[in-house]
Amino acid sequence: MRKAFPVEDLARDGRFVRVPLAERFDDPRTARVEQGAGKNKRGPGRLTPDRPDAPDAARALMHGIFVGEIQALEGAGRTCWDFEVGSGNGEGIAEVPFELKLDMARQCWDEARHCEISIKLSAHMGTELGEFSENTFLYEAACNPDPVLRLTGVNRALEGLAIDVFNTMREFGDIAGDPVLEFCEDWMLADEVTHVKMGSDWLRKLTANDKPRQERALEFQRVVDKLFSLGGFRGEEEDSPVRLARRFRELAGFEEAEMDTLAEIAKEAREEMEARVEANRAAVAS
Amino acid sequence: MTGTHTTGGSRLADPKKPRAPFTPWDRREIPGIFTVEESARRVGNYKWIEMRLFEVLGGWVATVPELDVKLRLGTHCYHHAWHSELWHKRLPELREMNPERLTVPPNDELVAFVDAMTEPEGPGLTIEKLAGAYRVLIPAKIAAYTYHLNNTSTITDAPTIRSLKFALADEFDDWRDGEMMLQSLIETEDELQRAIDHQAKLQRLLLAAGGITGPGSIGDSYSTQEESHA
């Protein structure tokens with residue numbers, strides 16, 4: 001078996017349909033415009049039970065969580081396989097400490113459980129596997145050949161997003177009066193805090209004497225964070241569908257300044273998305 | 001704690017009355033057939049093979065299209081990682097302060113076996129992947145762990161015994177899971193033959209290695225009673 005497994009070879013059964021992220025964003029049907037108080041509000045809006053499309057939006061989000069969990073499982077599994085055991089202190093050397101591999105194996109088990117939970121929750125919410133499309137940007141972040149960048153991109157950026165998403169879904173379950181959803185999301189949230197903390201701890205340990213590598217890892221995280229902000233999907237605006245879960249991120253090793261930067265990145269991503277949506281609307285109108 | 005030994009007016013047994021150091025139902029004995037060095041050597045081999053197994057199970061997750069198999073591999077990956085951690089922590093307790101020194105295969109033949117077992121990658125090779133892990137390697141681990149469990153000193157090597165019991169509980173569960181996944185995947189004569197062929201190929205390589213700790217992995221059935229307990 002190869003040491004690096006390309007995203008296009010990810011194995012799936014016939015139910016799964018892949019749609020590239022760019023194609024999804026360029027789809028004019030994503031240009032949802034709401035009129036409100038004399039100004040245009042764009043974007044999908046905060047997920048609340050009183051929204052007419054709340055059941056479908058929640059089901060779509062749950063399916064997105066499910067495919068994200070599969071890819072997180074696959075990414076952690078590949079980190080167990082792709083690297084040899086060593087000090088992990090030399091950039092470009094495909095080595096990691098033994099304990100890092102143990103953490104990734106533990107994460108495999110956690111992500112496998114999250115898949116199981118997501119499948120049960122999807123059924124609970126009336127969704128079939130494969131009903132919504134899959135994009136593979138989560139696994140792509142797990143393909144970085146430098147283990148430090150891989151862990152920073154996946155465990156801090158991706159799993160950090162999972163903290164935000166699970167906290168949002170947990171609140172949605174509470175407001176919607178769905179104790180099953182709230183219960184499951186709360187348990188998964190606990191695991192995600194653990195995974196993000198693993199990322200924070202390994203970033204600190206492996207780059208303690210290599211500040212340039214640490215900076216490259218954090219830059220990679222910023223790039224992934226911007227992508228994961230999904231054009232305003234995650235942010236601190238009142239109508240952001242997924243809110244930044246500052247309290248849980250702090251437990252996972254994020255500093256206040258890092259979260260402020262993340263909020264800025266999310267704002268930028270939202271503005272760029274709004275500009276793109278406006279262009280798409282104009283194209284549809286013409 | 002007042003030192004009162006009465007309840008309801010009746011006096012309890014005298015706390016100073018000598019008792020046997022071993023309870024009547026504890027029949028453990030000192031003798032075992034492994035020295036500290038031999039136990040450490042085997043534990044180092046165990047750690048090496050557990051690492052190879054959890055690494056490949058993790059790597060295979062992305063390569064198998066069957067969702068149920070994908071999730072079980074992810075779960076089992078952690079079991080074997082945890083076993084490798086147990087053995088890693090046991091080595092310094094067996095006087096090996098540099099655990100990496102003993103984290104080795106017993107011979108080159110076992111390396112050849114692991115190379116062949118971890119070779120299948122394609123999405124159509126799930127049967128081969130599972131046959132290697134669950135019909136060849138895990139049964140061999142169960143055999144070697146059971147031999148160690150039944151032959152080491154139940155008093156002096158109790159910490160190894162405790163870890164062996166934890167590991168064996170997982171091995172039996174995972175073996176059953178893997179065997180049932182295989183049975184559910186094999187639906188045609190051709191698929192059955194694929195499983196048989198791959199198992200036979202790996203079994204030959206493992207035979208050449210003598211088991212996961214080399215020759216003597218499960219003792220020597222032709223030695224006399226006196227020799228085997230020397």
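Okay, let's start on helix 4 of chain B, residues 108–117, where the buried residues are B:Leu110, B:Phe113, B:Val114 and B:Met117. Those four span an arc of only 95 degrees around the axis, so they sit on the same side of helix 4 of chain B. If you want the rule behind that, an α-helix has 3.6 residues a turn, so residues three or four places apart point the same way. Flip to the other side of helix 4 of chain B and you find B:Asp108 and B:Asp115, which are exposed. And what covers the buried residues? Helix 1 (36–61), helix 5 (126–151) and helix 7 (189–209) of chain B are among the elements doing that. I should say now that this is a predicted model.

Zooming out to chain B as a whole, we have 8 helices and 2 strands. The two β elements come at the start of the pattern, which reads β-β-α-α-α-α-α-α-α-α along the sequence. Of the 230 residues in chain B, 41% are buried. The radius of gyration of chain B is 22 Å, where a compact globule of 230 residues would be near 17 Å. Along the principal axes, the C-alpha atoms of chain B fill a box of roughly 75 × 45 × 35 Å.

Last bit, the interface. Here 26 residues of chain A are in contact with 24 residues of chain B. On the chain A side, helix 2 (54–82) and helix 3 (98–124) each give two or more residues, and helix 3 of chain A has the largest share, with 12 residues. By type, that side of chain A has 16 nonpolar, 1 polar and 9 charged residues.

Technical notes:
Residues numbered from 1 in each chain as written. Chains lettered and ligands numbered in written order. Predicted model: local features only at pLDDT ≥ 70, side-chain atom pairs only at ≥ 80, totals over all residues. Contact = placed C-beta atoms within 7 Å. Nonpolar A, V, L, I, M, F, W, Y, C, P; charged D, E, K, R; others polar. Buried ≥ 20, exposed ≤ 12 C-beta atoms within 10 Å, placed from the backbone. Arc of directions from axis to C-beta. Rg over C-alpha atoms; globule rule 2.2 N^0.38 Å.
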